[in-house]
Amino acid sequence: MGISIRNKVAFITGASAGIGKATAFALAAEGARLLLCARSTDALTAMRDDLIAAGAADVFPFALDVSKRTEVQAALQQIPVEWQDITILVNNAGLARGLEKLYLDNPDHWDEMIDTNVKGLLYVTRAVLPGMVERGAGHLVNLGSTAGHMAYGGGSMYCATKAAEKMLSEGMRIDLLGTPVRVTSIDPGMVETRFSEVRFGGDKERAAKVYANTTPLTPDDVADAIRWAVTRPAHVNVSNVLLTSITQANSLSIHRTA
Ligand code: 8X3
């Protein structure tokens, strides 16, 4: 029998689209209070009524770029007091930029991926986790990837950021021993979102090819795993969920019908 997260504050970064948005709806169905951030609030505000209809106890959207350290600190200090007791943190905000050989790549791509996927995760976690420890309740869910388990050509830096996420999750699980705070890394393979479009600078045609003739995961598949992990009995820590579609075995082995 799982635990209830009804009326608990669940904070999801990068919640305006893709896995973050699907996770907001999955945790809404559990009756959570949703603290949602993205770089712009437009899409979050537009989702509000649907999230309430889906079961969310309340929704508080705010704008935040997780890669900006001082903004993260300030934003989390400024959220209304009734939203400060965060029980679940889903570090979802992340991106890939480019698919180039590392030795030829644009270093701006590296900066953006490291700043969001690694530093962003660190800044938000640093701002939220001490409160969880103090209150004696919390669950940290980090989004990893098959890319953090196995590299692929052209993806070295993206893979490195996800390998960093894997190690940060493992290390924090050790740091938190003796507390009731849980740490889960959710590591999907290919998921059909705007991920590839963002990676290829808006090139929709190139992005579509990534998912052509195969069956990627959907954002809901990943959100379902997150929902499962956060509702396990309090003594259970789901360390890692590595999930791919049936047509993918690892970063490189993908079955395509044509
Ligand atoms: C996304 C999975 O294989 O596109 O994290 O890098 S992959």
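**Notebook: two helices, a cavity and Ile-3**

Just past helix α2, I found Gly-55 with a positive phi of about 120 degrees. A reminder to myself before going on: this is a predicted model.

**Entry: helix α2**

I backed up into α2 itself, which runs over residues 42–53. I looked up which of its residues are buried, and got Leu-44, Met-47 and Leu-51. Looking down the axis of α2, I see these buried residues fall within an arc of 65 degrees, so they line one face of the helix. That fits a rule I keep in mind: an α-helix has 3.6 residues a turn, so residues three or four places apart point the same way. Then I checked the other side of α2, where Asp-42, Ala-46, Asp-49 and Ala-53 are exposed. What covers the buried residues of α2? My list includes helix α1 (18–28) and the strands β2 (33–38) and β3 (58–63).

**Entry: helix α3**

Next I tried α3, residues 69–78. Its buried residues are Val-72, Ala-75 and Leu-76. Viewed down the axis of α3, they fall within an arc of 90 degrees, so here too they line one face of the helix. On the other side of α3 I noted Thr-70, Gln-77 and Gln-78 as exposed. The cover over the buried residues of α3 includes β1, β3, β4 (86–91) and α4 (107–135). So β3 is a name I have written down twice, once for the cover of α2 and once for that of α3.

**Entry: cavities**

How many cavities of 30 Å³ or more does the whole structure hold? My search gave three. I went for the largest, which has a volume of about 50 Å³. Among the residues lining the largest cavity are Arg-97, Gly-98, Glu-100, Asp-105, Met-113, Tyr-158 and Arg-199. Which helix gives the most to this lining? It is α5 (residues 156–175), with three residues. I also sorted the lining by type: four residues are nonpolar, four polar and four charged.

**Entry: Ile-3**

Last, I went to Ile-3, in the segment before β1 (9–13). Ile-3 has 34% relative accessibility, so I put it down as partly exposed. I then looked along the chain to Arg-232, 229 residues away from Ile-3, and found their C-alpha atoms separated by 5.9 Å. Leaving out residues up to four places away in sequence, what does Ile-3 touch? I wrote down Arg-182, Val-230, Thr-231, Arg-232, Pro-233 and Ala-234.

Key:
Residues numbered from 1 in each chain as written. Predicted model: local features only at pLDDT ≥ 70, side-chain atom pairs only at ≥ 80, totals over all residues. Heavy atoms only, no water. Buried < 20%, exposed > 50% of the residue type's maximum accessible area, 1.4 Å probe, protein only. Helix = DSSP H or I, 4+ residues; strand = E, 2+ residues; numbered from the N terminus. Arc of directions from axis to C-beta. Contact = heavy atoms within 4.5 Å. 1 Å grid on protein atoms, 1.4 Å probe; cavity = no way out; pocket = protein on both sides within 12 Å on 5 of 7 lines; lining within 4 Å. Points joined across faces, edges and corners; volume = space filled by probe spheres on them. Nonpolar A, V, L, I, M, F, W, Y, C, P; charged D, E, K, R; others polar.
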